[in-house]
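Please look over the sequence and the model below before reading on. The paragraphs that follow go through a few parts of the model in turn, beginning with a pair of residues that face each other.

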Amino acid sequence: MNPFKRAQIDLKNKSRLLDNRFGENSPIDNKKLPNMPRGSAVVISKEVKQVLDLIQELTTEERIEIPFLLCGKNEDQVVYFDKVVAGSSGLSGTEADFSSLVPDLQEFINKSPKNGTDIVAHGHSHPKSINNYHLNFSLGDMNAYKNFRLDNPVFATGKIELCSCLLTGGNYNFLFFDGNDYYKFEHVYVQDKNGNIVEQLPCYRSNFVNTNDRGRY
C-alpha cells in the first residue's frame, strides 16, 4: 500500500482518540468505530471460550497483556473460531509479544487453501487501568493490526482473512480492518458441538450482562 493510503488510515485513527496524551497507548473511542454490516457475527466454540476466559482471569490476576491467535472459518459475514493458541513467553503489563506464536501462525498459513475461507484473529488482553482506558483498543493496537495485515501478502490480498480481538473488562471485542477502515462486530456467540448457540457474549460494553440464546444461528 502506498504511503498516502497509510497516512489516511493513521489520520482516521487519530481522529477517533478519546485522549491523545499517551502516544501509542492513547485509547480509541469505541463509539466512533463503525459497525460491521447487519447480519455479521463472530461465533466461537465452547472450548475456545474456556481458554479466553482463562486469559481474562490471568490478565486480571497478574496485570499482564497476553497475546493469542484464533483460527477458524469465514462464511459470508459470519466468522467461526474453533482453535485458540495463547502466548506463553515474554509476557508483560504493557505490551503483548506475539513472537512465540509465529510458528503456530505459519503452520496455519501453510495448511490453508488460501481461498479466503480461512480467518485468523490477532488478539490480546488488557489489564484494568485506573482511567478505564483498558476497555478500548489503543492507538498502538490499531497500528499493529493495520501493519500486520498490510505488510503480510497473504492477508493483504485476502487469501486468508484477518481480524483482531481484544479481551478486556469481561468483553470480547472483535474488530475487522478491510484495508481502509475498522469495523466492530456487535454480536459474539458461543456454539456447542451440536451447532447450537448457547450464549451471547458482551462486547464493547462498560458494564456487561451475559444473556443466553438457545436458538441456532
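A convenient place to enter this predicted model is the residue Cys71, which stands opposite Lys83 in strand 3. The two strands involved here are strand 2, covering residues 67-75, and strand 3, and they run antiparallel with 8 bridges joining them. Strand 2 and strand 3 form a hairpin, with 2 residues between them.

The turn of that hairpin holds Asp76, a residue that lies in the loop between strand 2 and strand 3. The phi of Asp76 is near 60°, which is a positive value in a residue other than glycine. Most residues other than glycine have a negative phi. Asp76 is also exposed, with a relative accessible area of 75%. A further positive phi, of about 55°, is found at Lys114, which is likewise not a glycine. Lys114 has its place in the loop between helix 3 (102-111) and strand 4 (118-125), and with a relative accessibility of 32% it counts as partly exposed.

Returning to strand 3, which spans residues 78-86, the reader will find that it is also joined to strand 1, residues 41-45, by 4 bridges, and that these two strands run parallel. Within this pairing, Ile44 stands opposite Phe81 in strand 3. Strand 1 is joined as well to strand 8, residues 188-191, again by 4 bridges and with the strands running parallel. Here Ser45 has Gln191 in strand 8 as its bridge partner.

How many of the residues of strand 1 are buried? The strand is mostly covered, and 5 of its 5 residues are buried. Ala41, Val43 and Ser45 point one way from strand 1, while Val42 and Ile44 point the other way, and all of them are buried.

Some of these residues appear again when the nonpolar cores are considered. The largest nonpolar core has 56 residues, and those with the most contacts inside it are Ile44, Leu52, Leu70, Phe81, Phe155 and Phe174. A second core, separate from that one, has 5 residues, among them Ala41, Val43, Val78 and Ile197. Ile44 and Phe81, the opposite pair of strand 1 and strand 3, are thus both named for the largest core, whereas Ala41 and Val43, which point the other way from strand 1 than Ile44 does, are named for the second core.

The cysteines deserve a separate look. A search of the whole structure finds 0 disulfides. Cys165 is in no disulfide, and the nearest cysteine sulfur, which belongs to Cys163, is 7.4 Å away. Cys165 is buried, with a relative accessible area of 0%. Why does Cys203 not form a bond with the closest cysteine sulfur? The closest one, in Cys165, is 10 Å from the sulfur of Cys203, and that is too far for a bond. Cys203 is buried too, with a relative accessible area of 7%.

The loop between helix 1 (3-15) and strand 1 contains Ile28, and Glu24 lies in that loop as well. Are these residues buried or exposed, or in between? Ile28 is buried, with a relative accessible area of 1%, whereas Glu24 is partly exposed, with a relative accessible area of 45%. From C-alpha to C-alpha, Ile28 is 7.4 Å from Asn13, and the two are 15 residues apart in sequence. Glu24 and Gln200, by contrast, are 176 residues apart along the chain, and their C-alpha atoms are separated by 32 Å.

The last stop is an open space in the model. Rolling a probe the size of a water molecule over the atoms shows where empty space is left. The second largest pocket holds about 220 Å³ of space. Its lining includes Leu18, Asp29, Asn30 and Lys31, together with Asn132, Leu135 and Asn136. Lys184, Tyr204, Arg205 and Ser206 also line this pocket. Sorted by class, the lining of the second largest pocket has 3 nonpolar, 4 polar and 4 charged residues.

Technical notes
Residues numbered from 1 in each chain as written. Predicted model: local features only at pLDDT ≥ 70, side-chain atom pairs only at ≥ 80, totals over all residues. Heavy atoms only, no water. 1 Å grid on protein atoms, 1.4 Å probe; cavity = no way out; pocket = protein on both sides within 12 Å on 5 of 7 lines; lining within 4 Å. Points joined across faces, edges and corners; volume = space filled by probe spheres on them. Nonpolar A, V, L, I, M, F, W, Y, C, P; charged D, E, K, R; others polar. Core = buried A, V, L, I, M, F, W, Y, C linked by side-chain atoms within 4.5 Å. Buried < 20%, exposed > 50% of the residue type's maximum accessible area, 1.4 Å probe, protein only. Pairing = 2+ DSSP bridges. Disulfide = S-S within 2.5 Å.
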